[in-house]
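Visitor: I am new to this structure and would like to be led through it with a few questions.

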Amino acid sequence: DIQNGTGAVEISMELIYDNIVFCLQQAGGISTYWSELIKRLQRDKVDVKFIRGAVENNVSVKDLVINSSNTIEQIKSPVLLSRFSNPHVKSRNKPFIFHSSYNRVARNDNAINVVTIHDFIHEKYYGGIRRMLHSQQKRNAIEHSHRIICVSQNTKLDLLEVQPELDPEKVSVIYNGVSEDFHVVDDEAPAVKPFLIFIGSREPYKNFDFAVNLIESLKDFDLYVVGNRFSADEKQLLNKINGRFKLFTNIDNNQLNRLYNKAFALLYPSNYEGFGLPLLEAMRSGLPFIACNTSSIPEVAGDAGILLDRTDVNAAKQAIIKIENNRMDYILKGLNQSEKFSWEKCFAETLDLYQKAYKR
């Protein structure tokens, strides 16, 4: 690519982004990934066109300005229908890059399809119609894409295990980054009562019940939960800890950064992650973490936190004692580890992949 006199990056191809993920979730790692790429495309004045949903109820969209002049198609069909259908990008008579935010490919002979694979959660933890639909869509996107991005080496290994017939040369690992919204706040006093923070979805593989059981055995700690409202079953589970919890929904990065800066540690007992963004966010915020030694988590964690080989309450209590006795060491290791990941690096490697795919 060439930088012109205005500072804009000129790329010698047409680039089309499918923003379907903004219709599928209100918040989440994939939305963050997608919005960070778009921000940099717009900042560098890269000519990119968008396929958008009629309703994009997503916190990541708030930071983006996408004009109608950059929109080539507005999805009007219901999301449940459109998410599983591939867009027919019309009136393109020369090659173009099409990158979907969630497992779709362009139905056009001139499309050079790029797909990002974030994880294999549906294949590993779900069954029935949900697994079938998601797995079939993902497989179709992979089979019809010219280049495949995986967000970790572990996700690449999972991909090649699920589809061993794939040419590994088509698959590139490009790590996620971490927002600069997350940083150490020097004047942030610790909470009056120490708390562990649990963030993200509370699907069974995330082991939220383990987090509650741990707090039940730690009488001096509270549990702060960042995510959706509690279900009836979760409310029943939380009775175990007699109100020693707080829930935070729909908070922005600045609010989350404040929580990270006040917390004692991030508790991240997930059995499986395609990447694990909260680990990076915590490290950049100067927050030690306790996580599971599984899937992609060691890639992101390095030696910066405490990784448990199993979700065992006694092992987690020992980890808390280690953090208490060596807190500054874990903070410094986390800050150093987080420097290995950035959205700038992710963006540069993604643009490079587009160029290489286009030239072939």
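Visitor: Does Thr155 count as buried or exposed?
Guide: This is a predicted model, in which local features need pLDDT of at least 70 and side-chain atom pairs count only at pLDDT 80 or more, while totals for chains, interfaces and linings use all residues. Residues are numbered from 1 along each chain as its sequence is written, and side-chain values use heavy atoms, with hydrogens and water left out. Buried means under 20% relative accessible area, exposed over 50% and partly exposed in between, with a 1.4 Å probe and protein chains only. Because its relative accessibility is 0%, Thr155 counts as buried.

Visitor: Which backbone oxygen does the side chain of Thr155 reach?
Guide: Thr155 lies in helix H6, residues 153-162 (helices are DSSP runs of H or I, at least four residues, numbered from the N terminus). Leaving aside residues up to four places away in sequence, Thr155 touches Ile117, His118, Asp119, Phe120, Cys150 and Gly274 (contact means heavy atoms within 4.5 Å). At 3.1 Å, its side chain reaches the backbone oxygen of Gly274.

Visitor: How are H2 and H14 oriented to each other?
Guide: Helix H2 (residues 29-43) packs with helix H14 (residues 343-359), their axes 10 Å apart, at an angle of about 75° (axes are lines fitted to C-alpha atoms over the stretch in contact, and angles run from 0 to 180 degrees between N-to-C directions). Angles under 35 degrees count as roughly parallel, over 145 as roughly antiparallel, 65 to 115 as roughly perpendicular and the rest as oblique. H2 and H14 are therefore roughly perpendicular.

Key
Helices (H or I, at least four residues) and strands (E, at least two) are DSSP runs, numbered from the N terminus. A polar contact is a pair of N or O atoms within 3.5 Å; within protein, one must be able to donate a hydrogen and the other to accept it, and residues adjacent in sequence count only if both atoms are side-chain atoms.
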